[in-house]
Structure formats: C-alpha cells, structure tokens
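Reader: I have a structure open and would like to go through it with you, piece by piece. Could we start with a small local detail and then work outwards?

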Amino acid sequence: MGKKEVLVIGGGIAGISFAKAIKSSENLNVTVVTKDPFYISGPSRPLLLTNEQSYHRIIRGYEEVGQSGINVVFGLVSSIDPGERVVKISENPTKHSAKREIKYDYLAIAPGVVFDGSKIEGYQKYWWKNSNVYEPGRVDVLKRKLWTQEKGVAVVYAPKSPYRCAPAPAETAFAIHTVLSHRGKRGNFRIIHIDGNEKVQPPLLHDIIKERYEKAGIELITNKEIVGIGESEVILNDGEKVPYTLLAMLEPNRAPAFIKEAGLGEAWVEVRDPKDLRTPKYDDIYAFGDAAKLPFPKNQEIAYESSIFAANKLLEEVGGEAYSITYSFVGWAYVGNLEGELRTESLQFGLNFNTSPPKGSKDATPKNDYTSQKDSWEQSYLNRLYHNAI
Ligand SMILES: Cc1cc2nc3c(=O)[nH]c(=O)nc-3n(C[C@H](O)[C@H](O)[C@H](O)COP(=O)(O)OP(=O)(O)OC[C@H]3O[C@@H](n4cnc5c(N)ncnc54)[C@H](O)[C@@H]3O)c2cc1C
C-alpha cells in the first residue's frame, strides 16, 4: 500500500499541531497549505497597544516546519470538491508550488475565522473607521489613534458568541484605559464597551471585569448588537446611537465561505463529535480549531486539543499511537493597569470540560505575574510548532 496524502488547510495553531502529530506515521505524506509565508500569533496582540509586545516576538516563518518533513505550500484555498477529493488554491508570491489544485486522500480543515461585517449597515463605506487588535495592520491603526487623539469616545465591541478569543474585547478596553491614563488624557475620554452577549465573555470573568470596569470608569452596555456604523456613530439593534472617535469593533466571526460552498456547514464546519472530528458526510474530511463547530470557546488551547483528537482518529485508522489529550485549559485575560503604568496585569482562569457541567476556576486578583505566564505560554507554543522545540 502506498502512502496516503493528507492535506491540511491552515498553517496556524491547529493545522501545524495536527500535521506534527500525524507526521510520525510512516503511512502518511503530510502537506499544509496556508495563505501567508508567515504566522502571527494572536494572544498577546493587545499588548502591542501598550508597547509591552512587539511584532518580531510573535511572527514566525515556516522554514523549520518544512525542515521537519512537512510539505508546506503557500496559497489561498478557494474551494473544496469533496467528491473529487481536490482543493483549489490561488497563487502566492512565495511560490513553493506551481499547482493550482491539490488532491488528497484525507483533508483536514483548520483555516481559523473570517471577520465578517457584511451584515452591518454602512460597513462597506466606513470599514476603515474601524481598527482592532484582531489583525496586524489594524492594531497599528488603533495604536496610532490611541496615542495621538486628545479627546473623544472609544467604543469597543464584542459580537454575539461564538467569536475568537472570548476576553479580547475586554482586554482591548483595558488597554485603551491604560494608555489614555498613561498619557494623562483619560479624563478627556469616555470608554464604552458594547457587548452582543448578556455577559462579558468569558461569563466566568463577567463579575470581576464589571467591577474593574467600574473602578476604571469604563461604561458597559450588554445584550446589544451593533447593526450600523456611520462616520462618527454606531447604531445598536434597539435604535440607540453611540458616538465614537475611536472604534475597536470585532466583526461577527465565521469560517471561510468555501466551507459553506462545499456543503460542509453554515457558519462553521460541522463535525460528528468533539472527539470524532470527521465531518458528518465524509469519513475522509476532518475539521478542528476555530473553524470547527464545537461546544467550546474558540481559543488556542481548544484549537490545539481538537487538533490532537482529530490526529488520534486518523492514526487509529491508518496505524499509529494515540496521544493523551482532554478538553480543559488554563488561560489569562489582560486587565490593563488602572494607574496607567504600562505594566499590564492579568487574571488567570480555567475551564475543564471533562465534567458536566464544565468546571470553571479563577483567581479574582489581577497580577503582573499572570501576564508573564501568558507570554511564556504563547512563546512555548510558537517555539514548539514553528521552531521544532520539544
Ligand atoms: C487578538 C487575539 C487574541 C487572542 N487571545 C487569545 C488568548 O489569550 N488565549 C487563547 O487561548 N487564544 C487566544 N486567541 C485565539 C487563538 O489565537 C486562536 O484560537 C487560535 O489561533 C486558533 O487556531 P486555528 O489554527 O484554528 O486558527 P489560526 O491560528 O488563525 O490559523 C489559521 C491559519 O489558516 C490560514 N488560512 C486562513 N484562511 C485560509 C485559506 N483560505 N487558505 C489557506 N490558509 C488559510 C491563516 O493564514 C492561518 O495561518 C487570540 C486571537 C487573537 C486574534
């Protein structure tokens, strides 16, 4: 029997974790197709705003992934034909393949999320008024505004769940408070967090964040969605208009459109079960990470854990030893610095999905040490996945 071809869409946390987990099988050839010749880590991006993080520490290339025996192709996946077992890709300036189509025996889908503002009225016209921590260039724009505006209203928005990284909107609001306080301009600004959910996410931290918002003078509006944006105001679903000079809105999230077009799900890729991550219709297609429809938050630990459950299922079929894995995580949420020192404090929290209902844990006292722990955690992921560190 010849080797089976496994094609992984997405060279992020989930895709590379999966590729590395299955490459030990001598029965598989592993190819990762990903759109950019670099990966930019998410978790510490809010600290770019306070100058506590810099891009060079969170960007990685794929050269050492290639060296580890995984074939890496750069290109944007535009469609999947599950019947023909073929994926179409567009050209990328870093050409590692002249191919526009890649055939597979097994397909693994892990392209993360798309930020989709198309249902927000005025978004087409005013998208450029928005800047947030979710994409590299947009962080720069937000940072410039934050460090140069003299007075105004900063509006931060979290859409209805599920979206990538539950605490990131609150982290953004706290970073804004920190920088404005540091600049001595906090008194000239209102900071308003609008949330499409009943509670600030993750719900486990709602009470602590609300209390700290009160201390920081950050206004909180929950259970309301932004349905329109204009040049200097956003419109909520009850008709209320909220003015802004600085808008940090996270658009609703979904998986890339090629998934729906291939009949693999609506907003997210359907899977059979969190531990059997094959799609309901196709035994040879797996999905995991943020793009998959899972009953868990969309974060890095769940992305990793789901990728290992998927790897185990495939190894069970083709031969290979299973990895030990469960769904549970410890995470950290940045909660700024109330005094305006550029030394962000963080909360630690955890969720264990092995019990029903899931068991939460948290430390209600913000600490600088938790910010350092989050940095070590993020760096160890990047070094393990992109530098082949153990
Ligand atoms: C600002 C921010 C803060 C965050 N904070 C935290 C945190 O504190 N804790 C935590 O646990 N998680 C956090 N996360 C979330 C974490 O980064 C994600 O959950 C995790 O990266 C998901 O992994 P993934 O592999 O599914 O997606 P990604 O890591 O995004 O990887 C997807 C990959 O697929 C590629 N891709 C996308 N579309 C295509 C396509 N059509 N064709 C080819 N390639 C494609 C992308 O370029 C990318 O390389 C944060 C994320 C952000 C952005």
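Reader: Which residue stands opposite Lys359 in E22?
Author: Asn352 is the residue that stands opposite Lys359 in E22. Please keep in mind that this is a predicted model, in which local features need pLDDT of at least 70 and side-chain atom pairs count only at pLDDT 80 or more, while totals for chains, interfaces and linings use all residues. Residues are numbered from 1 along each chain as its sequence is written.

Reader: How do E21 and E22 run, and how many bridges join them?
Author: Strand E21 (residues 346-352) and strand E22 (residues 359-367) run antiparallel and are joined by six bridges. Two strands pair if DSSP finds at least two bridges between them, and the element names refer to DSSP runs, numbered from the N terminus, with helices (H or I) of at least four residues and strands (E) of at least two. A hairpin of six residues leads from E21 to E22.

Reader: Where does Pro357 lie?
Author: Pro357 lies in the loop between E21 and E22, and the peptide bond that joins Ser356 to Pro357 is cis, with omega about -5°. There is also a cis peptide bond between Ser161 and Pro162, where omega is about 0°, and Pro162 belongs to the loop between strand E11 (152-158) and H6. As background, most peptide bonds are trans.

Reader: Staying by E21 for a moment, is Glu345 buried or exposed?
Author: Glu345 is buried, because 21 other C-beta atoms lie within 10 Å; the rule is that 20 or more such atoms within 10 Å make a residue buried, 12 or fewer make it exposed, and anything in between is partly exposed, with C-beta atoms placed from the backbone. Glu345 sits in the loop between strand E20 (328-334) and E21.

Reader: And what is Glu345 in contact with?
Author: Leaving aside neighbours within four places in sequence, Glu345 is in contact with Val335, Asn337, Pro366, Lys367, Asn368 and Thr371, where contact requires C-beta atoms, placed from the backbone, to lie within 7 Å. Its C-alpha atom is 9.7 Å from that of Trp332, a residue 13 places apart from Glu345 in sequence.

Reader: Changing topic to H6, why do you trust its length?
Author: The 15 residues of helix H6 (residues 168-182) should span 21 Å at 1.5 Å a residue, and the end C-alpha atoms are 21 Å apart, which agrees; the expected span is 1.5 Å times one less than the number of residues. H6 is mostly covered, with 14 of its 15 residues buried, and Gly184, which follows H6, has a positive phi near 75°.

Reader: Which residues other than glycine have a positive phi?
Author: Arg85, with phi near 55°, and Asn223, with phi near 60°, are two such residues. Arg85 is in the loop between strand E6 (77-81) and strand E7 (86-89) and is partly exposed, with 18 other C-beta atoms within 10 Å. Asn223 is in the loop between strand E13 (218-221) and strand E14 (226-229) and is likewise partly exposed, with 14 other C-beta atoms within 10 Å.

Reader: Zooming out, how is the protein divided into domains?
Author: The assignment gives domain 1 (4-35 + 75-113 + 255-325) and domain 2 (115-253 + 329-386), with bounds that come from an automatic or database domain assignment. Taken over C-alpha atoms, the centres of domain 1 and domain 2 are separated by 30 Å. Their contact takes 13 residues from domain 1 and 13 residues from domain 2.

Reader: Which helices supply the domain 1 side of that contact?
Author: Helix H1 (13-22) and helix H9 (300-318) each supply at least two residues of the side of domain 1 that touches domain 2, and the largest share, four residues, comes from H1.

Reader: Then why would the ligand lie between the domains?
Author: Domain 1 and domain 2 both give residues to the shell around the ligand, so the ligand lies between them. Of the 35 residues around the ligand, Gly10, Gly12, Gly42, Gly112 and Gly289 come nearest; a residue counts as near if its C-beta atom, placed from the backbone, lies within 6 Å of the molecule. H1, strand E2 (28-34) and H9 each supply at least two residues of that shell.

Terms used. Two residues are in contact if their C-beta atoms, placed from the backbone, lie within 7 Å.
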